[in-house]
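Today I sat down to look up charged side chains, pair by pair. Here are my notes, in the order I took them.

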Amino acid sequence: MSVSPRLPVSEVVNVTIEMAPVAAALRNFGAMLVLGTSDVIDVDERIRTYSGVEAIAADFGTNSPEYSAAVTFFGQSPHPSLLNVGRWAKTATSGLLRGRMLAVSEQQISDFEKITAGGFTLKIDGASVTLESVDLSAESNLNGVATQITNALSSKGTCLWDGTRFVIKSASTGTTSSVSDVSKTDLSTLLGLDEGTSRVSGAPAESLVDAVTACLDFTNWYGLFVCSGWTEEDALSVSELINAASPSRIVAWTSEDTGEMDSTDSTSLGAKLKARGYNRTFEVFSSTSDTASASVLGRMSTINFEGSNTTLTLKFKQLPGVPAENLRTSQSLALRSKNVNVFAAFQNDTSIFKEGVMSGGWFIDETHGLDWMQNRVETDLWNLLYTSNTKIGQDETGMTAILATINKSLDAGVRNGLIAPGVWNGDSFGSLEKGDTLTTGYYVYIQPLEEQAQSDREARKAPPIKIAIKLKGAVHFIDCTLTINR
């Protein structure tokens with residue numbers, strides 16, 4: 001049956017689809033980084049993300065400092081959902097060759113058992129190395145395969161099965177250490193070393209501040225904990241770096257120095273950090289746990305700033321797995337005077353984390369919350385410009401759109417408990433005067449368009465915007481008087 005031709009509807013009514021770009025995501029202010037020296041993650045990869053302590057135990061072993069920090073971090077309640085682990089190359093590193101990732105079908109030991117006299121050639125530190133007479137017929141798993149390759153390398157290097165791929169590492173360290181040029185044979189193909197590989201050159205030893213600088217290139221973390229092995233000078237240098245870093249970060253240190261409890265000791269780390277006024281660094285004193293501050297980061301990591309009434313003060317919180325300190329009042333006051341935090345036991349059989357402050361005197365929760373608030377306003381304004389299919393005009397309509405976007409961001413701060421109504425005690429600007437009550441907890445002022453400089457308008461800049469915010473704060477101390485009448 002023939003079909004008569006018909007004209008398309010689009011000749012009269014033409015409908016097209018214009019999809020807006022996907023909005024930029026907010027930063028994750030619960031993403032923390034543990035930095036250690038274990039030779040597991042190479043300096044090329046630098047940072048690896050884990051969703052639980054089990055995977056860290058598998059990679060690093062249960063005796064590693066990274067595992068100890070992870071146990072303390074994931075031991076918090078509520079339970080954190082992820083942790084980044086990074087590499088500090090405190091000693092020179094070895095060059096290595098990472099094979100391609102093997103599919104599950106390529107990991108069958110039966111295929112490797114067929115190799116009875118395998119071999120291949122490669123270069124280690126620039127010199128040719130030949131592997132021959134490799135017999136895998138008796139191996140029952142891929143770790144055994146890696147052991148046989150290591151034996152065949154004759155102390156020139158080692159082979160490791162990391163669960164997804166084989167890695168060959170040079171026995172030497174430093175800038176001349178390297179592994180390359182694997183020949184294509186049946187064995188090298190099975191190992192995934194013949195193609196799709198990646199080379200990592202050896203590197204000299206680096207300072208802690210250099211390692212942290214390298215980690216700053218990764219934007220997937222907010223808070224930093226450094227495993228044992230750092231010095232006081234390391235802590236001061238890294239704190240200085242973190243204080244100046246952009247985007248914003250924080251760093252946490254744990255100290256076992258009893259000098260922190262001596263009010264006359266001005267040479268302790270806490271005293272020096274306070275003197276420098278670092279509000280992106282906090283220190284926790286613990287005489288028994290070198291990972292106490294990792295527990296604080298673990299509690300911070302569970303805060304959902306997009307929720308309702310979710311912000312908190314860190315004072316009064318628990319540090320699971322960290323023994324409470326039994327302090328004299330004078331020792332507690334000395335720690336407070338240096339802005340050093342501690343998990344302390346009280347006479348009513350309770351223990352709390354106190355005082356919840358940065359070394360410079362700001363409260364940890366305020367620094368954390370305001371970093372989120374800055375990113376929320378920044379991201380929302382970016383998305384206003386980025387997702388518009390037309391443009392945001394330099395007129396009252398455009399300014400209204402900007403104002404509405406900022407208000408929406410600040411409303412999220414009110415909703416989560418960071419911002420609350422209160423009296424403004426700062427400088428006056430716009431129509432806001434000192435002593436006025438911020439009924440919403442905030443006030444947004446955009447300079448009138450008629451006051452904008454012509455050069456700024458021609459550069460397509462929005463007029464300056466200034467925002468007043470009243471923080472909700474938290475009660476840390478109560479002083480109560482009972483007046484009695486008989």
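I began with the salt bridges and counted 19 of them; I keep in mind that this is a predicted model.

Entry one: Asp59 and Arg48. I found a salt bridge here, with the closest N and O atoms 3.0 Å apart. Asp59 sits in helix H1 (residues 53-60) and Arg48 in strand E2 (residues 47-50), eleven residues apart. I noted Asp59 as partly exposed, because its relative accessible area is 30%.

Entry two: Arg280 and Asp371. Their side chains meet in a salt bridge at 2.6 Å, N to O. Arg280 is in the loop between helix H8 (269-276) and strand E13 (281-285), while Asp371 is in helix H11, so the pair ties together parts 91 residues apart in sequence. Are these two buried or exposed? Both Arg280 and Asp371 turned out to be buried.

Entry three: Glu355 and Lys315. I read 2.8 Å between the closest N and O atoms of this salt bridge. Glu355 lies in the loop between strand E15 (351-354) and H11, and Lys315 in the loop between helix H9 (292-300) and helix H10 (329-337), so this pair ties together parts 40 residues apart in sequence. Glu355 counts as buried at 7% relative accessibility, and Lys315 does too at 4%. I also saw that salt bridges with shared partners join Lys315, Arg336, Lys354 and Glu355 into one network.

Entry four: a surface patch. Asp395, Glu396, Glu450 and Glu451 gather there as a patch of negative charge. I placed Asp395 in the loop between helix H11 (364-386) and helix H12 (396-416). Asp395 is partly exposed, at a relative accessible area of 36%.

Note on methods:
Residues are numbered from 1 along each chain as its sequence is written. This is a predicted model: local features need pLDDT of at least 70, side-chain atom pairs count only at pLDDT 80 or more; totals for chains, interfaces and linings use all residues. Side-chain values use heavy atoms; hydrogens and water are left out. Patches are made of residues with over 30% relative accessible area and no salt bridge: like charges are joined within 9 Å, nonpolar side chains (Val, Leu, Ile, Met, Phe, Trp, Tyr) within 5 Å. Accessible areas come from the Shrake-Rupley method with a 1.4 Å probe; for residues, only the protein chains shown count as cover. Lys and Arg count as positive and Asp and Glu as negative; His and the chain ends are not counted. The place of a charge is taken as NZ of Lys, CZ of Arg, CG of Asp or CD of Glu. Helices (H or I, at least four residues) and strands (E, at least two) are DSSP runs, numbered from the N terminus. Buried means under 20% relative accessible area, exposed over 50%, partly exposed in between (1.4 Å probe, protein chains only).
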